Amino acid sequence: GYYEYSMSECVYSTSDYSDMVYLNSYSFNKVVDVQFNSSVGKFVGYTEEGVKYAENWNKDQTRLQQRKALVDRFCRHNAQNHDSALRDKA
């Protein structure tokens, strides 16, 4: 069989979230084909198929802007909620 999945993650190491990066990876059979990286600002292909996807998706400025906005809307929002919940319990 085939195994296809996508994963979104937020990576940061500072308490003010200034270095926060949103990553959205698309994998096939445990190999990352293409990934959006908010610090790069576009999709990057890592396989022959992934390069084709990245070229196509990078032509869509609306799609890129939506992905870039996820750093604030998804990552920072959830990190602030998560961090404050941890601080309240400490």
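**Figure 1. Tyr3 is partly exposed****.** In this predicted model, Tyr3 has a relative accessible area of 46%. That value counts as partly exposed because it falls between the 20% limit for buried and the 50% limit for exposed. Tyr3 sits in the segment before strand S1. Strand S1 itself covers residues 4-11.

**Figure 2. Tyr3 touches a run of residues from Ser27 to Lys30****.** Residues up to four places away in sequence are left aside here. The partners of Tyr3 are then Ser27, Phe28, Asn29 and Lys30. Val71 makes a useful second landmark for the view. Tyr3 and Val71 are 68 residues apart along the chain. Their C-alpha atoms are separated by 27 Å.

**Figure 3. Tyr3 belongs to a nonpolar surface patch****.** Which residues form the patch with Tyr3? They are Tyr5 and Met7. Together, Tyr3, Tyr5 and Met7 offer about 290 Å² of accessible area. Tyr3 can join such a patch because its relative accessible area of 46% is over the required 30%.

**Figure 4. Val40 lies in a loop between two strands****.** Strand S3 (31-37) stands on one side of this loop, and strand S4 (42-45) on the other. Is Val40 buried, partly exposed or exposed? Val40 is partly exposed, with a relative accessible area of 47%. The 47% of Val40 lies between the 20% and 50% limits, so neither buried nor exposed applies.

**Figure 5. Val40 and Lys68 are separated by 9.5 Å****.** This distance is taken between their C-alpha atoms. Along the chain, Val40 and Lys68 are 28 residues apart. Across the whole protein chain, consider the contacts with a separation of 6 or more. Residues 24 or more positions apart account for 31% of these contacts.

**Figure 6. The protein chain holds 2 helices and 4 strands****.** This view sets the close-ups in context. Read along the sequence, the pattern is β-β-β-β-α-α. The C-alpha atoms fill a box of roughly 45 × 35 × 20 Å along the principal axes. The protein chain has 90 residues, and 30% of them count as buried.

**Figure 7. The protein chain has an accessible surface of about 6200 Å²****.** Carbon and sulfur atoms hold 49% of that surface. How many positive and negative charges does the protein chain carry? There are 11 positive and 12 negative charges. The mean positions of the two sets are 3 Å apart.

Key: Residues are numbered from 1 along each chain as its sequence is written. This is a predicted model: local features need pLDDT of at least 70, side-chain atom pairs count only at pLDDT 80 or more; totals for chains, interfaces and linings use all residues. Side-chain values use heavy atoms; hydrogens and water are left out. Buried means under 20% relative accessible area, exposed over 50%, partly exposed in between (1.4 Å probe, protein chains only). Contact means heavy atoms within 4.5 Å. Accessible areas come from the Shrake-Rupley method with a 1.4 Å probe; for residues, only the protein chains shown count as cover. Lys and Arg count as positive and Asp and Glu as negative; His and the chain ends are not counted. The place of a charge is taken as NZ of Lys, CZ of Arg, CG of Asp or CD of Glu. Patches are made of residues with over 30% relative accessible area and no salt bridge: like charges are joined within 9 Å, nonpolar side chains (Val, Leu, Ile, Met, Phe, Trp, Tyr) within 5 Å. A salt bridge is a side-chain nitrogen of Lys or Arg within 4 Å of a carboxyl oxygen of Asp or Glu.
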